[in-house]
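Welcome! Here is a short briefing to help you find your way around this structure. Take a look at the sequence and the model, then read on.

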Amino acid sequence: MDLKLSGKTAVVTGGARGIGRSVCQVLAAEGANVAVFDILADAAEETAQMIRETGKKAIACSVNLAEYASVKAAMDKVKAEMGPVDIVACVAAITDNMGTIAKMPVEKWTREIKVNLSGCFYCVKETIESMVERKFGRYIFVSSRAGMDGGYGQCSYSSSKMGLIGFARSLSLEYARMGVTSNIVFPGLVNTPATAGLTDEARSRIIARNVMGRLQDPEELADGIAFLASEQAKGINGAELMISQKPAPWSFRPMELLGDEEAMGI
Ligand SMILES: NC(=O)c1ccc[n+]([C@@H]2O[C@H](COP(=O)([O-])OP(=O)(O)OC[C@H]3O[C@@H](n4cnc5c(N)ncnc54)[C@H](O)[C@@H]3O)[C@@H](O)[C@H]2O)c1
């Protein structure tokens with residue numbers, strides 16, 4: 001299927017690696033010009049270079065999503081070099097909190113909310129008006145099951161991902177009549193650098209209760225996100241799409257994954 005992305009400009013946050021890099025590659029393969037947003041400047045440039053080697057257009061933007069000025073500067077660069085933004089895929093996130101609420105440092109809470117949630121708001125704020133003017137826009141946000149169920153030892157990550165659901169739902173209400181859609185995807189457990197540190201035992205446990213019997217590859221998420229970005233998805237708005245295995249009892253996840261109750265502060 002031709003997703004009709006030729007000539008569209010897409011911003012992908014977290015495009016330096018993992019799911020975000022795959023999203024960049026799939027959108028570019030479908031014809032979009034891609035701006036790779038990431039705090040890892042060298043790796044973002046690597047993604048852009050990989051895309052350019054396929055004959056498609058891509059630029060890298062060094063961005064700290066926690067800072068509005070940084071996002072604004074990067075969006076200004078995209079507009080100057082690639083024209084108005086048609087598609088924003090908010091993929092970047094951090095999950096460096098592992099500990100119960102009493103042990104959660106205030107700085108970690110604040111940083112995670114800023115990167116995972118405020119960063120998405122900044123990206124939309126800097127692009128929505130021109131999408132409305134041109135009567136076309138696609139926003140895709142990556143949440144998490146922790147955003148639905150909460151997460152043991154993951155209060156800030158879970159809160160940011162649930163906040164994102166409220167944000168994406170609000171966006172889906174405000175601009176749909178102007179051709180701008182907002183949808184969310186929920187991955188399962190995906191093979192990326194973020195999950196590379198799992199022990200073999202943790203992997204086996206997760207796979208054992210997964211109806212697909214495996215972890216996911218980033219491309220599976222990227223294909224779903226690219227479809228939501230397409231012309232053909234114009235009727236899909238406010239969707240909350242699980243691109244994952246059967247729901248699992250994630251509230252036990254950190255204990256199961258880490259196997260270290262003392263570190264969890266339990
Ligand atoms: N991997 C999984 O199993 C899984 C499961 C559920 C949800 N998710 C979600 O999917 C998305 C991608 O996950 P992933 O596994 O590819 O993660 P990853 O850690 O491999 O990649 C995240 C990217 O975000 C970038 N980033 C982090 N902080 C940033 C900042 N302040 N400014 C700009 N960029 C920043 C990182 O540099 C990195 O390139 C995230 O939103 C994550 O919460 C992943």
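Ala, Val, Leu, Ile, Met, Phe, Trp, Tyr, Cys and Pro count as nonpolar, Asp, Glu, Lys and Arg as charged, and the others, Gly among them, as polar. Sorted this way, the shell around the ligand holds 18 nonpolar, eight polar and two charged residues. Please keep in mind that this is a predicted model.

**Around the ligand**
- The ligand is surrounded by 28 residues, and those that come nearest are Gly-14, Gly-18, Ala-92, Ala-93 and Thr-192.
- Helix α1 (residues 18–29) supplies three residues, the largest share of this shell.

**Helix α3**
- Helix α3 runs over residues 68–82, and its end C-alpha atoms are 21 Å apart. That agrees with the 21 Å that its 15 residues should span at 1.5 Å a residue.
- Which residues of α3 are buried? They are Val-71, Ala-74, Met-75, Val-78 and Met-82.
- These buried residues cover an arc of only 100° around the axis, which means that they sit on the same side of α3.
- The partners they pack against are the strands β1 (9–13), β2 (33–38) and β3 (58–62), together with α4 (106–125).
- On the face turned away from the buried side of α3, you will find the exposed residues Ala-69, Asp-76 and Ala-80.
- Just after α3 comes Gly-83, which has a positive phi, near 90°.

**The nonpolar core**
- There are 69 residues in the largest nonpolar core. Val-12, Leu-27, Val-34, Val-36 and Ala-89 have the most contacts inside this core.
- Leaving aside residues up to four places away in sequence, Ala-89 touches Ala-10, Val-12, Val-23, Ile-140, Ile-225 and Ala-229.

**Helix α9**
- In helix α9 (residues 218–228), the buried residues are Pro-218, Leu-221, Ala-222, Gly-224, Ile-225, Ala-226 and Leu-228. One of them, Ile-225, is also touched by Ala-89.
- The cover over the buried residues of α9 includes α1, β4 (87–90), β5 (137–142), β6 (180–187) and β7 (240–243).

**The start of the chain**
- Met-1 belongs to the segment before β1.
- Is Met-1 buried or exposed? Met-1 counts as exposed because it has 7 C-beta neighbours inside 10 Å, and a residue with 12 or fewer is exposed.
- Although Met-1 and Gln-232 are 231 residues apart in sequence, their C-alpha atoms are 9.5 Å apart in space.

How values were computed: Residues are numbered from 1 along each chain as its sequence is written. This is a predicted model: local features need pLDDT of at least 70, side-chain atom pairs count only at pLDDT 80 or more; totals for chains, interfaces and linings use all residues. Helices (H or I, at least four residues) and strands (E, at least two) are DSSP runs, numbered from the N terminus. The expected span of a helix is 1.5 Å times one less than its number of residues. A residue is buried if 20 or more other C-beta atoms lie within 10 Å of its own, exposed if 12 or fewer, and partly exposed in between; C-beta atoms are placed from the backbone. The arc is that of the directions from the helix axis to the C-beta atoms. Two residues are in contact if their C-beta atoms, placed from the backbone, lie within 7 Å. A residue is near a molecule or strand if its C-beta atom, placed from the backbone, lies within 6 Å of it. A nonpolar core is a set of buried Ala, Val, Leu, Ile, Met, Phe, Trp, Tyr and Cys residues joined through C-beta atoms within 7 Å.
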